[in-house]
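Hi everyone, thanks for making room for me today. I've got one structure to show, so let me put it on the screen.

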Amino acid sequence: MAPGLPSTARLARFCQKLNRLKPLEESSMDTSLRRCLSTLDLTLLGVGGMVGSGLYVLTGTVAKDMAGPAVLLSFLVAAVASLLAALCYAEFGARVPRTGSAYLFTYVSMGEIWAFLIGWNVLLEYLIGGAAVARAWSGYLDAIFNHSIRNFTESHMGVWQVPFLARYPDFLAAGILLVASAFVSCGARVSSWLNHTFSAISMIVILFIIVLGFILARPHNWSPEEGGFAPFGFSGILAGTATCFYAFVGFDVIAASSEEAKNPRWAVPMAIAISLGLAAGAYILVSTVLTLMVPWHSLDPDSALADAFYRRGYSWAGFIVAVGSICAMNTVLLSNLFSLPRIVYAMAADGLFFQVFARVHPRTQPSGPGGSPAAKETRHFSDPVGAPNSSPQHPSQHLPHAEAELPDVAALYLLAAGWTHRVFWLRDLAQQGEPEGATGADDRTLCGVPQWQ
């Protein structure tokens, strides 16, 4: 074998360790995070993640272009399919009450490489979802002011002609993300209180839409003269189901917050079931009254509810719908940003992400990027590659910290320095080859990191 190349035995052990499972701890309730969320908190987090702007936009789009009045069946079938996935989350959340959601569940059941891929997919979901909601929030507010924000930005900044980018920089969306991130970084209790406020307003608006919508209902709009109940047939209902399914994906925020729940074995399954039931009921009832108020083929896909009330002579109700839509977008944005740092924290604590992201803010008791990471989550894992391993000379410290939060600029500097150090360390290791007598330690280490069997 050429000098410096790993042996076949090392490659075999490396492949085996890619599929190793994370062992479950004997006492899964022990955690260095503060358990402060009740069943109500988790339920409202789940409702806020599912009942968002899709209620005000998705119902009209699916009804007009895919299913007609049978959109309520599309939401019903999508809710049943989501319930099957929710039951899996509920069982895992009760058995493994740790932060990490789908990433952690994959780690304990399938293996490390799959957990790594799932973790990055979940991060991508939250990043894109948060950016999309902030962009929608900005566009909605801009439309209220007759697009004066867009015109001002284009006149002073110019128009970009770059593929895959917007025509102009959306500073309002960036500011919304920063403000929401600031609230999320204050901890779980502050984020939960803010989510309670917006969710309560959103549910009151939804109740108003349902009650007034049934008062203004016209059963004739489902008659054969208007195209019937299912004008697109069974294929249209299934096509609408595929789109409506994405309205229910927000319940994973409950599983991501299970390590901060007071009684996760009871609260997580109950919160998932209740929030999914409330979201399904809201979508089905709102889509029902929407298609009963006005003919399905005349709906405005961009603002179906507000336009429906306006056409029935209740233009003032459009302002209430606008308030509910903004509150719903706020709850979805908070849900995405609330879950994002917890997934990063879980991956960093497991050694699959940079260790600097496993540190928390000093105001919540422990030190920040320059302090110590959470010891309770990292006792099965090592320090970053090339750093000293945990030993009597380098003991781990248990820190009763509270909530993880997004890293600051110092954390990014440490991240860049640590990455540069790792690149050069791995290059030197490859050039030197494996020294004699080091094969015995390889059973316990992978690239200098202690592993479990």
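I'll go through the annotation, the nonpolar cores, the aromatic rings and one odd loop residue. Before that, a reminder that this is a predicted model.

Okay, annotation. The unreviewed UniProt entry has "transmembrane region" on several stretches, including 39-58, 70-90, 171-190 and 229-254. Keep in mind that such annotations may be inferred rather than shown by experiment. Let's take two of those and look at what the model does there. Over 171-190 the chain is 85% helix with 0% strand, and the C-alpha atoms at the two ends are 25 Å apart. Over 229-254 there's again 0% strand, but helix is at 58%, and the end C-alpha atoms are 36 Å apart.

Now the cores. The largest nonpolar core has 83 residues, and the ones touching the most other members are Leu42, Tyr56, Phe75 and Phe248. Helix H12, residues 264-293, is the top contributor to that core, with 14 residues. There's also a second core, separate from that one, with 15 residues, among them Leu141, Val184, Phe198 and Met329.

Let me stay with Phe248 for a second. Leaving out residues up to four places away in sequence, what does Phe248 touch? The list includes Met50, Phe75, Ala78, Ala79 and Ser82, plus Leu276, Ala279, Ala280 and Tyr283.

On to the rings. With ring centres within 6.5 Å counted as a pair, we get 16 aromatic pairs. Take Phe116 and Trp120: the centres are 6.4 Å apart and the planes sit at 70 degrees, and since over 60 counts as edge-to-face, that's what this pair is. Both are in helix H6, residues 112-144, and because they're 4 residues apart, there's about one helical turn between them. Are these two buried or exposed? In between, actually: Phe116 is partly exposed at 31% relative accessible area, and Trp120 is partly exposed too, at 40%. Ring pairs also tie Phe116 and Trp120 into a cluster with Phe353, Phe354 and Phe357.

One more ring while we're here: Phe338 has the charged end of Arg342 sitting over it, 3.8 Å from the ring centre.

Last thing, the odd one. Most residues other than glycine have a negative phi. Ser101 isn't a glycine, yet its phi is positive, about 55 degrees. You'll find Ser101 in the loop between helix H4 (71-95) and helix H5 (102-109). Ser101 is also buried, with a relative accessible area of 1%.

That's my tour, happy to take questions.

How values were computed:
Residues are numbered from 1 along each chain as its sequence is written. This is a predicted model: local features need pLDDT of at least 70, side-chain atom pairs count only at pLDDT 80 or more; totals for chains, interfaces and linings use all residues. Side-chain values use heavy atoms; hydrogens and water are left out. Rings of Phe, Tyr and Trp (its six-membered ring) pair if their centres lie within 6.5 Å; planes under 30 degrees apart count as stacked, over 60 as edge-to-face and the rest as tilted. Buried means under 20% relative accessible area, exposed over 50%, partly exposed in between (1.4 Å probe, protein chains only). A charge sits over a ring if NZ of Lys or CZ of Arg is within 6 Å of the ring centre and within 35 degrees of the ring normal. A nonpolar core is a set of buried Ala, Val, Leu, Ile, Met, Phe, Trp, Tyr and Cys residues joined through side-chain atoms within 4.5 Å. Contact means heavy atoms within 4.5 Å.
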